[in-house]
Amino acid sequence: MTSIDFNHTLPSETVVSAPYLTLNLHYSPNQYYRHGWQSWSLAAWTDPRIPFPVQKPQLLHPMQHDPSYAFHPNPHGSWVGAVEIDPENILLLGSLGMDAHVELNGTHLSGWYESGIGDWFVGYGTEPIVFSRYAELLGQRFGKTQRESAPKVWCSWYSLYTAIDEQVLTRVFNNLNDLPFDVLQVDDGWQIATGDWEANNKFPSGIAALADKIKLTGRKAGLWLAPFIAVKSSNLFQNHSEWFLKDLNHKFVSAGFNWGEQLYTIDTTHPEALLWLSELMIKVRQWGFNYVKLDFLYGAALPGKRKIDMPREAAYRNGMKVIREALGEDVFILACGAPILPSLGLCDALRIGPDVADEWENTRDAALLYNPTIPGTKNAIRTTIHRLWLSPLVHTDPDVVYFRSRNCKLTEKQKILLQGLALVCKYKATSDLPQWLSSDEKEHLKSFLTAQPKIKRLTRYVYQIGNHTIDLTSAITLPAHPKGFDLIKSGLTSLLGNQRWILRIMNKIQKKSLLKLTKDI
Ligand code: 9PG
């Protein structure tokens, strides 16, 4: 174990090689930068003296943060952690390798590598400078995207969800003609099943025909896939269960629960699974898609026993390299639900926060389940703003913004915050249906898509965007811990949220209510 006493005579940065490194602070800091494992996991400055409840329900842990550390007793983070030293300066401990974790234990900021030795960056100074140095070193080790800018994307998810079909999308795409989008991206709902990546019967002309239609309008065709995971009922899992990740007790590793089903993940060290993955990506490319949103990627980095023994995040990179090679450099890759550091250099854009939603915050999820990773605009802004330091390495996707008032509970002010954040990220996307926009809203969307304002960081949460400033502080607070009767409700909600049969029923109800959405499109 290597330990360093922190004092102001230390150089402002240093790189140390150690399996376990401790920085002794001599006092308990009151702000700790907690960095979650994957896109949806929480990243935020938090008060380490306030206990952080285990997020609920437990059944969803594998899809929301590093499940190995879900019950970690101390404030924890993946790869990087930092503390405020004084109002001006921070001390950052960040790994320059994979499989690394950081915790704050009283007066000790410590980091360790799960699979042995690795390098650490220790930086002291102002927050923007220290994080940008860390990013620079990460870029040297892992590489960065070669693309200058991110395309402007229309994505089907946050309006139609899984209720997409050939006719509805064709009508929407026609209506989008006068809007300057670069990519029209088909999200979840086109496939037979998660794992069975062929068009379902809602797309009778096939998915390649849709890509052609999009490309005829001069735009890039985008497609959503979750290539590392599969639902239990999929043909992929049923026919090739030997490709799927198991634990030390030979049981399949849970990759979470979604679409009313148990999720499993492929072992990206298995040669046959890798061949399948490569063929799948070649097929997507041949269909004509040149923008892919690859989702639920965390699966390949979950703990388990792999065919070829290697650290879990190295296995993930192995899978991502196969994907990149099969797609080629000219396909734009957006990584989503993706472990952050292991994705660097292997994707063009990275979702850096949880999903937005047509509401600011859901009381059940935020307060009762204490779950900052669940879809919600406040959750999305909070984590995204704390990961902007990644932007020199990868295009940072804050998720879509809303202009519509129809089917949207966000206030004008909340929509403006989200739009401002997208301008800061230089990643512009929406799912608004032109049919749902008033003429003012459509004009507003048009000017957002064409705007290229000068961006300046004023403080951690305040940005100048052209002639305006936005203050994102209202999205930063975490919900209060449930007390009294809410505590009982919280326990009950969590108990119900852990029941697969309840989640199945909820999924059916959601699907039914979605059908109404497309009636008048
Ligand atoms: C499609 C969606 C959209 C979205 C992605 C991802 O249960 N969960 O924790 C959970 C989190 C995110 C999520 C789905 C489930 O959304 O981020 O943009 O593509 O998948 O299914």
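Domain bounds here come from an automatic or database domain assignment. The model is predicted: local features need pLDDT of at least 70, side-chain atom pairs count only at pLDDT 80 or more, and totals for chains, interfaces and linings use all residues. Residues are numbered from 1 along each chain as its sequence is written, and side-chain values use heavy atoms, with hydrogens and water left out.

**Exercise 1.** Describe the shell around the ligand.

*Solution.*
- Step 1. Count residues with a heavy atom within 4 Å of the ligand. There are 16, and the closest are Tyr158, Asp187, Asp188, Lys293 and Asp355.
- Step 2. Sort the shell by class. Eight residues are nonpolar, two polar and six charged. Ala, Val, Leu, Ile, Met, Phe, Trp, Tyr, Cys and Pro count as nonpolar; Asp, Glu, Lys and Arg as charged; the others, Gly among them, as polar.
- Step 3. Assign domains. Domain 1 (2-142) and domain 2 (153-481) each supply at least three shell residues.

**Exercise 2.** Find the polar side-chain atoms of Tyr158, Asp188 and Asp355 that face ligand oxygen atoms.

*Solution.*
- Step 1. Apply the polar-contact cut-off: a pair of N or O atoms within 3.5 Å.
- Step 2. Read the distances. For Tyr158, a side-chain N or O atom is 2.7 Å from a ligand oxygen. For Asp188, the distance is 2.7 Å. For Asp355, it is 2.5 Å.
- Step 3. Add the burial. Alone, the ligand exposes 460 Å², and the protein buries 92% of that (Shrake-Rupley method, 1.4 Å probe).

Conventions
Near = heavy atom within 4 Å. Polar contact = N/O pair within 3.5 Å; in protein donor to acceptor, adjacent residues only side chain to side chain.
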